[in-house]
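The following report describes selected side-chain interactions, cysteines and strand pairing. The sequence and the structure come before the discussion.

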Amino acid sequence: MESISYITCTNNFEILDNCLLKSIKFDWEDEIIVIESPKSIAEGYNTAIDHAKHQIKCFIHHDIIITNPEMLRKNIMSYCTQDVGIVGVIGSKQETIPWWNDGDIGSVVDTRMGIIWFDEGKNYCKTLDGIVLATCQDVRFDESIPGFHLYDQDICKQMTNQGLQNFCMGNGYRMLTHFTSGTVMTDQINGYNEALDVYRKKWSC
């Protein structure tokens, strides 16, 4: 039986304790690795990868409550296969920036908007939101992308460039609640434009 390395970054242990740590449940030899206050999420995730025990890794935000851990774990184990790049719960079938501009897929419960339901999910896609990203591939996040944005689109783009398809799990709204007050207006997101500049130069888009 395979196991999972759950990986998260946090700058607020109160949020971490009240959300992810309160709701996560382990099976077999699963582990959770917490990286405190990295200078970027890419750096934090790579640090955790270097210490992870298991091939399957689930990168998950600290402000997520896992409402159905058994379903989440089962889906991660089912869909993280050698022919799939990144697995998530919400994203886009198109290569669009930001991802929610076109081709939206999947669902999640979000404290700003309630249930975000684009469609059933359970289909291949180009990019996924970073609230939860799981994979059995050997991955490295690009540390040239600063801060806490675009790392998710970049890792998905890395996979498609390798000929792998990314996959959106169904029933995201039944598995996860995202506790956030952040805006979706990119011109109001701290550090977004800086990350976008690096991303666009890297991928010539």
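Asp110 and Arg112 form a salt bridge in which the closest N and O atoms are 2.7 Å apart. The model is a predicted one, and every value in this report was computed from it. The two partners differ in their surroundings, since Asp110 is buried at 2% relative accessibility, whereas Arg112, at 33%, counts as partly exposed.

In total, seven salt bridges are counted in the model. Three of them are set out below, with the closest distance between nitrogen and oxygen in each case.

| Acidic residue | Basic residue | N to O distance |
|---|---|---|
| Asp110 | Arg112 | 2.7 Å |
| Asp119 | Lys93 | 3.8 Å |
| Asp142 | Lys202 | 2.9 Å |

The salt bridge between Lys93 and Asp119 has an N to O distance of 3.8 Å. Because Lys93 lies in the loop between β6 (90-92) and β7 while Asp119 lies in the loop between β8 and β9 (123-125), this pair ties together parts that are 26 residues apart in sequence. Lys93 is partly exposed at 36% relative accessibility, and Asp119 is likewise partly exposed, at 22%.

For the salt bridge of Asp142 with Lys202, the closest N and O atoms are 2.9 Å apart. Asp142 belongs to the loop between β11 and α5 and Lys202 to helix α7 (residues 192-203), so this pair connects parts that are 60 residues apart in sequence. Asp142 counts as buried, with 18% relative accessibility, while Lys202 is partly exposed at 34%. These two residues also belong to a network of salt bridges that links Asp142, Asp154 and Lys202.

The strands β7 and β8 can be described next. Strand β7 (residues 104-110) pairs with strand β8 (residues 114-117) in the antiparallel sense, over four bridges. Together the two strands form a hairpin, with three residues between them. Within this pairing, Ser107 has Trp117 in β8 as its bridge partner.

Two buried polar residues make contacts with backbone oxygens. Thr135 is found in strand β11 and is buried at 1% relative accessibility. A polar atom of the Thr135 side chain lies 2.7 Å from the backbone oxygen of Gly85. Beyond its neighbours within four places in sequence, Thr135 is in contact with several residues, among them Gln55, Ile56, Phe59 and Cys80.

Gln137 lies in the loop between β11 (132-135) and α5 (151-161), and at 11% relative accessibility Gln137 also counts as buried. A polar atom of its side chain is 2.9 Å from the backbone oxygen of Val84. Leaving out residues up to four places away in sequence, Gln137 touches a set of residues including Gln55, Thr81, Val84, Met159 and Leu164.

Which cysteine sulfur is closest to that of Cys80, and how far away is it? The closest one is in Cys136, at 6.0 Å, and this is too far for a bond. Cys80 is buried, at 6% relative accessibility. For Cys168 the closest cysteine sulfur is that of Cys125, at 5.5 Å, again too far for a bond. Cys168 is buried as well, with a relative accessible area of 0%. A disulfide is a covalent bond between the sulfur atoms of two cysteines. The cut-off applied to such a pair of sulfur atoms is 2.5 Å, and by this rule the model has zero disulfides.

Key: Residues numbered from 1 in each chain as written. Predicted model: local features only at pLDDT ≥ 70, side-chain atom pairs only at ≥ 80, totals over all residues. Heavy atoms only, no water. Pairing = 2+ DSSP bridges. Buried < 20%, exposed > 50% of the residue type's maximum accessible area, 1.4 Å probe, protein only. Polar contact = N/O pair within 3.5 Å; in protein donor to acceptor, adjacent residues only side chain to side chain. Contact = heavy atoms within 4.5 Å. Salt bridge = Lys/Arg side-chain N within 4 Å of Asp/Glu carboxyl O.
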